[in-house]
Amino acid sequence: MQQAGVTTVVPERRIHLAVAGARDDAPAIPATSEVKLDIRKLTIIYGQRVAVRDIDLRIPAQAVTAIIGPSGSGKSTLLRALNRMHDDVPGVRVTGEVLLDGQPVYGPEVDPVEVRRRIGMVFQRPNPFAKSIFDNVAFGLTVFGARRLSRREVAERVERALRQAALWDEVKDRLHQPATSLSGGQQQRLCVARALAVEPDVVLLDEPTSALDPIATGRIEQLMRELVEEHGYTVVVVTHNMQQAARVSDVTAFMTVDASRAGTLVEVGPTARIFTNPQDQRTEDYITGRVG
Ligand SMILES: Nc1ncnc2c1ncn2[C@@H]1O[C@H](COP(=O)(O)OP(=O)(O)OP(=O)(O)O)[C@@H](O)[C@H]1O
């Protein structure tokens, strides 16, 4: 991971982005790159209020996509719509389409539980259950499991998920201790492991480091890259932290609030381009700290 800041030219002006390590080594997303999630005309309404309007966004497979934007621009609302987290909230209406590998996530015959197995989620604050480390990771295997796994299969899945979440070495000798005995950063990696145990395709992370110190934050950032580069997951992360978006993501989507206070997507593109040569004035104003 690069750590240096980048000085760059944004139309006719030199701006030192207060962005450590923008991923200028990241390849541009080729036009043919596989689309994992295809979001079409997605609108999300809370009661009478449109929170997010007409979002068209394609999330590439096996890449980290960051969603950035000011508070209230609907980043979390959009993220939650991707795996139907709004289904159980009264008064929330979602229109438009989300396709996962070309298949509608909101189709009438689609089981939302299966959607959530394929699209896992990690929240802002680590939220382990009041159970052991092992049982936290094994939990989803009982909820989502199509068939009952043997004890050995469960143990193998738990170990694999903990390894992928870069936590195995720290917990392998204390798997039956309470999850609450872990540090905040370890708890957050445990939550990642819990999401991975059911073998999803996509991992959504909603401000996953906002409650963590810089070292634990760095570990989660590194983990996001490993999930993509070593294990082939598709990662979507909502973050307030532009340095984080620049460090970890391949693609950045910038959202803002329109005149009617609905969240809209302003632009999306390879992260290096968004941070060095944004096409829209609103993006430039945000990344250079003039608004936000
Ligand atoms: N459950 C809810 N009921 C009603 N309105 C909501 C609900 N959740 C969010 N909103 C509203 O929807 C809008 C978008 O909120 P959201 O949390 O998605 O934005 P955000 O960009 O993620 O903000 P932040 O960066 O502050 O987390 C806000 O105006 C918010 O008040």
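Which residues of α4 are buried? Let's keep that one in mind while I go through the basics.

First thing to say: this is a predicted model. The protein averages a pLDDT of 88, with 87% of the residues scoring at least 70. The part to be careful with is residues 1–32, where the pLDDT is below 50. In the model that stretch still has 59 contacts beyond near neighbours in sequence, so please read those with the low score in mind. For the complex, the predictor gives an ipTM of 0.97 and a pTM of 0.88.

Okay, the overall picture. We have 292 residues in the protein, and 41% of them count as buried. The secondary structure comes to ten helices and twelve strands. If you take the contacts between residues at least 6 apart in sequence, 69% of them join residues at least 24 apart.

Now back to α4. This helix covers residues 151–164, so that's 14 residues. At 1.5 Å a residue we'd expect a span of 20 Å, and the C-alpha atoms at its ends are indeed 20 Å apart, which agrees. And the buried residues in α4? They are Arg-157, Val-158, Ala-161, Leu-162 and Gln-164. Those five cover an arc of only 160° around the axis, which means they sit on the same side of α4. The spacing makes sense if you remember your helix geometry: an α-helix has 3.6 residues a turn, so residues three or four places apart point the same way. Turn to the other side of α4 and you find Arg-152 and Glu-156, both exposed. Then, following the helix, there's Ala-166, which has a positive phi, near 55°.

Next, the strands, and I'll stick to the ones around β3. What does β3 pair with over eight bridges, in the antiparallel sense? One partner is β4: β3 is residues 35–46, β4 is residues 49–60, and they are antiparallel. If you want a place to look, Val-35 has Pro-60 in β4 as its bridge partner. The hairpin of these two strands has two residues between them, and Gly-47 takes a positive phi there, near 60°.

β3 is also joined to β6, residues 92–100, by eight bridges, and this pair runs antiparallel too. Here Leu-37 stands opposite Leu-100 in β6. So β3 is the strand to click on if you want to follow both pairings, with β4 and with β6.

That's me done; happy to rotate the model to any of these spots.

Key:
Residues numbered from 1 in each chain as written. Predicted model: local features only at pLDDT ≥ 70, side-chain atom pairs only at ≥ 80, totals over all residues. pLDDT = per-residue confidence, 0-100. Contact = placed C-beta atoms within 7 Å. Helix = DSSP H or I, 4+ residues; strand = E, 2+ residues; numbered from the N terminus. Expected span 1.5 Å × (residues − 1). Buried ≥ 20, exposed ≤ 12 C-beta atoms within 10 Å, placed from the backbone. Arc of directions from axis to C-beta. Pairing = 2+ DSSP bridges.
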